[in-house]
Amino acid sequence: MAQTIIGREREINQLEAIVASGKAELVAIYGRRRIGKTFLVKEFFKNKFDFYATGIFEGRKSDQLAAFNDALNQNSKKPIPKAQTWMQAFMQLRDYLSSLKKQRLIVFLDELPWFDTRASQFLKAFEWFWNSWGSTEERLKLIVCGSATTWMTDKFISGKGGLYNRTTERIHLAPFNLHEASLLLKNNGVDWDPGLVLDAYMVFGGVPLYLTMLKKDLSLDANIDNLFFHEGAPLKDEYDFLFRSLFKDSDFYKRVIDAISKKNMGISRQDIAKAAKVSENGILTKALKNLISCDFIRKYNGFGKRERDSLYQLTDLSILFHKRFVEKYNGMDEHHWSNTIDHPSRRTWTGIAFEQVCLLHIPQIKQALGIAGVQTEVCSWRYAGDEYTSGAQIDLLIVRRDKTINLCEMKYADGEYEITSKYAKELRDRKATFRSVTGTRHALHQTMVSPYGIKRNANAYMADQVVTLKHLFAEKI
């Protein structure tokens with residue numbers, strides 16, 4: 001199947017402007033591993049670089065320098081000896097680039113954090129290269145990528161050293177939405193209807209590499225068995241590799257993720273520290289910040305809550321699937337997923353995963369409600385109850401500046417969702433409790449989000465608005 005860039009219109013526009021600019025450019029592209037950073041750069045430039053080198057995962061300084069030297073010699077007409085230090089290596093790169101008689105110099109350094117081995121002085125040498133020569137060379141377009149988002153944000157983009165505020169453009173590559181995921185699958189010959197694409201998205205999220213591994217001649221269940229549960233399944237150990245390649249203290253980060261993943265609606269910082277058995281200090285603060293930067297979790301406040309009451313919630317669907325099923329798999333059934341189609345754990349998971357899909361598509365939901373241009377705050381609400389009033393919770397509130405609140409109910413179903421008389425009473429009671437406890441004077445709109453809408457029955461009037469797959473699959477707003 002022909003390679004092509006799917007989506008990424010905003011990023012392509014940024015790259016086009018960078019190439020056309022008449023000044024030196026230092027571009028940092030970052031995002032979670034497997035999200036398509038390298039693919040985007042290589043396809044945009046059609047692999048035509050004046051210099052390209054990539055870091056080696058867990059490679060030694062000597063290995064990194066050898067790879068860098070090999071890249072130089074592949075481009076240079078004259079043999080270049082291997083440098084012993086990064087300062088020498090960047091001097092060689094400067095001299096090589098200076099010798100080129102070209103209108104533009106396109107340089108791509110991939111997996112930049114992996115070059116920065118312990119005590120290597122890589123970053124100091126890079127700073128010198130850019131500050132002493134690169135920033136003054138108007139022809140130079142220097143693009144760097146990194147999956148280790150923490151390194152990219154803390155040391156490169158926001159670091160306080162010689163590169164502080166030096167990047168001319170920053171591109172954060174986010175996971176695909178449902179529309180983009182559908183386009184990618186179709187481009188690979190996987191022409192599934194929206195319901196099946198949604199089911200795949202709930203397993204793999206919007207991670208392009210995972211989606212490209214789906215085979216068109218297999219059912220979705222068979223694909224999942226092949227990728228996660230067969231002997232030697234390619235994604236069986238992906239979770240461990242993902243964290244090991246992103247974070248030096250991967251075990252610490254996995255303990256934090258484990259604590260967050262067990263609370264569907266979110267968990268406080270204090271409870272994370274307790275559940276993960278870690279100190280509630282700056283190290284935890286940094287870990288939470290880094291997990292947000294990697295699009296693994298989100299931070300949000302409950303309705304009417306203060307910043308110190310913030311909750312953290314798992315948003316990466318592939319990690320959710322791993323924690324729910326892959327991590328617990330005993331390796332005894334290679335058709336594990338296909339054989340558990342009616343298991344209660346799957347029904348519970350689909351409800352949770354669909355809620356996360358909705359939270360990842362708030363712009364599409366707002367567009368469906370006709371409020372795309374209205375300023376809003378997205379949050380949840382939980383009430384423990386008292387001796388007079390039962391407890392209640394609403395997983396998604398869209399609080400609008402026009403003094404309206406959409407109380408969103410997100411219900412997964414493989415057909416029209418039926419609002420029974422019992423559920424209709426729950427909705428009425430929940431709305432009344434919300435108004436009574438919060439004291440809000442906003443108009444309250446009951447909004448149902450379900451793949452195929454709601455069944456027309458005597459209780460259908462309970463839904464003021466209905467959002468379906470058609471709306472969730474809308475193009476990026």
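Modeller: Accessible areas come from the Shrake-Rupley method with a 1.4 Å probe; for residues, only the protein chains shown count as cover. On that basis the chain exposes about 22,600 Å², 48% of it on carbon and sulfur atoms. This is a predicted model: local features need pLDDT of at least 70, side-chain atom pairs count only at pLDDT 80 or more, and totals for chains, interfaces and linings use all residues. Numbering starts from 1 along each chain as its sequence is written, and side-chain values use heavy atoms, without hydrogens and water.

Colleague: What makes the chain as compact as a globular protein of that length?

Modeller: The globule rule is 2.2 Å times the number of residues to the power 0.38, and the radius of gyration is taken over C-alpha atoms. The rule gives 23 Å for 477 residues; the chain has 25 Å, which is close, so it is as compact as a globular protein of that length.

Colleague: How many residues are called buried?

Modeller: Buried means under 20% relative accessible area (1.4 Å probe, protein chains only). Of the 477 residues, 53% meet that.

Colleague: Why are β12 and β13 called paired?

Modeller: Two strands pair if DSSP finds at least two bridges between them. Strands are DSSP runs of E, at least two residues, numbered from the N terminus. β12 (residues 443–449) and β13 share three bridges, in the parallel sense, so they pair. Met-448 has Val-466 of β13 as its bridge partner.

Colleague: What makes β9 and β13 edge strands?

Modeller: The open sheet has the order β9-β10-β11-β12-β13, with mixed pairing. β9 (376–383) and β13 (465–467) each pair on one side only.

Terms used. Helix = DSSP H or I, 4+ residues; strand = E, 2+ residues; numbered from the N terminus. Buried < 20%, exposed > 50% of the residue type's maximum accessible area, 1.4 Å probe, protein only.
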